[in-house]
Amino acid sequence: MTATAQETEVVLKVSGLEAGYERPGRYGFGRRRVPVVAGIDLAVRAGRTLGIVGESGCGKSTLARAIVGLRPAFAGSIEFAGADLASVPARRRRRMSRDLQMVFQDPYTSLNPRMTVAAVIAEGWRVHPGIVPRDQEDAEVARLLGLVGLRAEHGARHLHELSGGQCQRVSIARALAPRPKLIVCDEAVSALDVSIRAQILNLLGDLQSELGVAYLFISHDLDVVRHIAHDVAVMYLGTIVEHGPAADVFGDPQHPYTRALLSAAPSVRDRPDDGVQEIVLRGEVPSPTAPPTGCRFRTRCYMAAEVCERKVPEPVPRDGLPQSVACHFADSAGTTAPG
Amino acid sequence: MSAIAPVAITAPEVRRRRRLPARAWAGIGIVGVFVLAAVLGPLLMPYDPVATDLPHRLLPPGSRLGDGSVAWLGTDQVGRDMLTTLLAGSRVSLLVGTATVLIGGAAGLVVGLVSGYFGGWADTVLSRFGDMQLAFPSILLAILIAGVLGPSVTNIVITLAVTRWVIFARVVRASALATRDLEFVDSARVLGAGSARILFRHVLPSCWQPLLVAATVQIGLVMVAEASLSFLGLGIPPDQASWGATVSAGRDYLGSAWWISTMPAIALAAVVTAVGIVGDAFRDLADPRAQL
Amino acid sequence: MTVSAVHPAQPPAPGDVAAELRDVHIGFRSGRDVTPVVRGVGLRLRRGRVLALVGESGSGKSLTSLALIGLLPPGAEVTSGSVVLDGADTGGFSARRWREARGDRVAMIFQDPMAALNPGFAVGRQIAEPFRRRLRLRRREARERAVALMREVGIADAESRYGDHPHEFSGGMRQRAVIAMALALGPSVLLADEPTTALDVTVQAQILRLLARRQQEADLATLLVSHDLGVVARVAQDVAVMYAGRIVERGPLDDVYTRPSHPYTLGLLEAMPDARDGGRLKPIKGVPPDPRRPPGGCAFHPRCPFATDVCRDEDPPLAEDGDRAVACHHADEVTASRETEEPR
């Protein structure tokens, strides 16, 4: 497979996805659907990284969980490996999970504390027999441990004997064990200290170039996403407001929310009185279960007009721009200063 | 109980973090003595427990019998040696206690796991049913069932298990419910693990510890309940010795031969207290990591 | 009306030292043993300036800040050195003296605003509390002062939100309320321990802006404790970097950030993901040490690319040079390495 073919091949395509959670109905009978994200369209290319950024309550975690099957999809499709994950029967869905793995934020809670490191890593082979012959498992665990920068003897340990960074390496080895095509990383480096975070980010990058695995990388940290992602989608209150190549979205943001987010993100180059006026949005994020009408961002937007209340902006590619932007004023956002 | 204990106690974090206090070992010792006595009872018994010996009836503890032997705990109203009666009774009492907790615990484990892990309507139905049963006085329920089934060791085990399973089910349900929502269970789901694997590998191990604690508490309560039923004549048939039946039999002689009722009552109190202490110790061990 | 009017006597001048730590050691006591965790920290908080204390988890930065307000956790104590507040050595402070100093001279904002608010009482009432209790104001007067304060920290509809309970406030609004409570009695020293870590980026920007503004208006001496080098850069004039219970580098923030002299500071700055070079990050190798058992010699030497034999044997002292200070045997090399790399 050539590099260009690999780049254009899409491993995951999400269209019109609506997902959320279900609450038990009255008296414990029946279920009530509570959508958190709606109208999500995105694509992850083979061997590439799609970053998803947004603040708490924007639904990025719900989106990640819907893709790996931990949250129900109410509408739309999740195309992966030739099937629609949103509608395949549960048994087949489980078989397909071999190719679609996830790394969680906190390794101490997302890995069973009663299991040894080796058992944690090998669990995927118990679930999906035939990946690694039983007699080669020990060697394969040792190889994976080496791949993520741990030593073979770590396999016999329990998680509480390892540091946070080491545990996250175990999470990554566990996700790699079934040899997936795509790994969803949900805030995978957010709980780590700066010096350790850089180690794990480098590791993820190395693994991608060695194994060709694709990442759906979810984070609230813009710098981290900017560093690791090829493409990026910015989420606000359950919808994607801007989506495109990372260089373009971060370099030339079109949506007013993306602009505000970027200007609000602290950087080591900031100084207290450097005169740079960041865009400080008013108010806070409304409830995702009762979003505003029309454009969901309008209640905090410095450009909001009457049309924003009436009409939901469609995410469309603007003239001459590589990214698609869901804003009625996308063409002028770049030139209008916040009021 | 022995089937449960090793799994829970050897959890590495527990072993590493804390040790059993001395009083727990004292409790284990007392229980051990009674268990040994029950197992080895027939070998130790100086006399046939059901053979009557009217000339030597109602002798106080420590009396010397005609053949020169000593009745350390006295004799009852038909001349049976009290020590022998106690040993024979310990077999029945401990058997009933253990068997009831095993059966009730097993039933509670299954129901609690299904109810807690799967939730939904099954949980609603099972939980409400359990609530209704708990709202009904359990001794009254036991009297009802025992009255219908008639007295026998098997029947009293069934009776008591029916009245006790709800307690186990609730304990297991609570812990299955808590574990179900932990992230490592999500992580197993993402890996593609089916319900069976998640239940047995991830949820069940978290349920052993609370179940064991509940079992140690219940074993004592069940023995008391057995004694109560036997006292009422609804438990163990009169030809088999049981602590409760013996207490009941001594009722008429409380004024003249206090030891008939008192000796089995003391034995019962000792075992129940000892098991309770052991249960408390296990609960204290379990508490610091109750979140698991 | 500004809050500082509470203290009408002699207005303090900017630049005055409002609080000082002199060679403070903090340890955890168990029985007769004391495990040192903070080992000789010296800091000066000046009026009108923000000093940032940065470091990773376990570096001792939070304990250091808690020592300044007399709120060390149970078991921890200042084992030597002195904590000076407004010229008074707090070494002999009774629990009562500390209670009086808190709010009046020194106040603190924590990461989790819910921890500072009583969920059972209306937020407004909690803000009015110090006015009632400490200044003995009448209910109505205290309420007016509280509402004014709520307005100052940007709580919209302060009058109508006075009676709302903490759970009715959003995360950002709660932190605003906590800031109002902290500033109520016009303290001269403000301690902020990760004040925006639990908040979203856009809300964080609001809170940082508020803090910076109040800081200027009230002429506060602020200690900002944070793990986030970016947040610190936005509000602080001075920075002190902690590692394994010691300050390894200190100085004006701009100076330290552009010309770091300690390899740990350099490592932290270079480990930050940055858009400018999309390639590999330069992480610091290894993991932070257990704060109770730091390595011998310089605590950073096992992770340090500059380490030599002397670093293994000898813990370097914090050497002062003008307004900069650094504790490293190879400070000159570190500074030089950054300078040779910079013009790319």
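Helix axes are lines fitted to C-alpha atoms over the stretch in contact, and the angle between two of them runs from 0 to 180 degrees between their N-to-C directions. The exercises below concern a predicted model.

**Exercise 1.** Determine how helices α5(A) and α6(A) are oriented to each other, and which residues make their contact.

*Solution.*
Step 1. Two packed helices are described by the angle between their axes and the distance between the axes.
Step 2. In chain A, the axes of α5 (residues 117-127) and α6 (residues 137-147) come within 10 Å, and they cross at roughly 115 degrees.
Step 3. Angles of 65 to 115 degrees count as roughly perpendicular. Helices α5(A) and α6(A) are therefore roughly perpendicular to each other.
Step 4. The crossing of α5(A) and α6(A) is right-handed.
Step 5. Helix α5(A) contributes A:A118, A:I121, A:A122 and A:W125 to the contact, while α6(A) contributes A:E137, A:V141 and A:L144.
Step 6. By character, the residues of this contact are six nonpolar, no polar and one charged.

**Exercise 2.** Describe the fold of chain C in outline, and explain why chain C is said to be as compact as a globular protein of its length.

*Solution.*
Step 1. Chain C contains 13 helices and twelve strands.
Step 2. The radius of gyration of chain C is 21 Å, and the globule rule gives 20 Å for 344 residues; the two values are close, so chain C is as compact as a globular protein of that length.
Step 3. Along the principal axes, the C-alpha atoms of chain C fill a box of roughly 70 × 50 × 35 Å.
Step 4. Buried residues make up 48% of the 344 residues of chain C.
Step 5. Consider the contacts in chain C between residues at least 6 apart in sequence: 66% of them join residues at least 24 apart.

**Exercise 3.** State how many residues chains C and B each place in contact with chain A, and which helix gives the most on each side.

*Solution.*
Step 1. Between chains C and A, the contact takes 41 residues from chain C and 34 residues from chain A.
Step 2. On the side of chain C, at least two residues come from each of α8 (201-218), α9 (229-235), α10 (253-258) and α11 (263-271). The largest share, eight residues, belongs to α8(C).
Step 3. This side of chain C divides into 21 nonpolar, eleven polar and nine charged residues.
Step 4. Between chains B and A, 21 residues of chain B are in contact with 24 residues of chain A.
Step 5. On the side of chain B, α5 (120-135), α8 (183-191) and α9 (195-231) each supply at least two residues. Helix α8(B) gives the most, with eight residues.
Step 6. The side of chain B that touches chain A comprises eleven nonpolar, five polar and five charged residues.

Notes:
Residues are numbered from 1 along each chain as its sequence is written. Chains are lettered from A and ligands numbered from 1 in the order in which they are written. This is a predicted model: local features need pLDDT of at least 70, side-chain atom pairs count only at pLDDT 80 or more; totals for chains, interfaces and linings use all residues. Helices (H or I, at least four residues) and strands (E, at least two) are DSSP runs, numbered from the N terminus. The radius of gyration is taken over C-alpha atoms; the globule rule is 2.2 Å times the number of residues to the power 0.38. A residue is buried if 20 or more other C-beta atoms lie within 10 Å of its own, exposed if 12 or fewer, and partly exposed in between; C-beta atoms are placed from the backbone. Two residues are in contact if their C-beta atoms, placed from the backbone, lie within 7 Å. Ala, Val, Leu, Ile, Met, Phe, Trp, Tyr, Cys and Pro count as nonpolar, Asp, Glu, Lys and Arg as charged, and the others, Gly among them, as polar. Angles under 35 degrees count as roughly parallel, over 145 as roughly antiparallel, 65 to 115 as roughly perpendicular and the rest as oblique. A crossing is left-handed if the near helix is turned anticlockwise from the far one by less than a right angle, and right-handed if clockwise.
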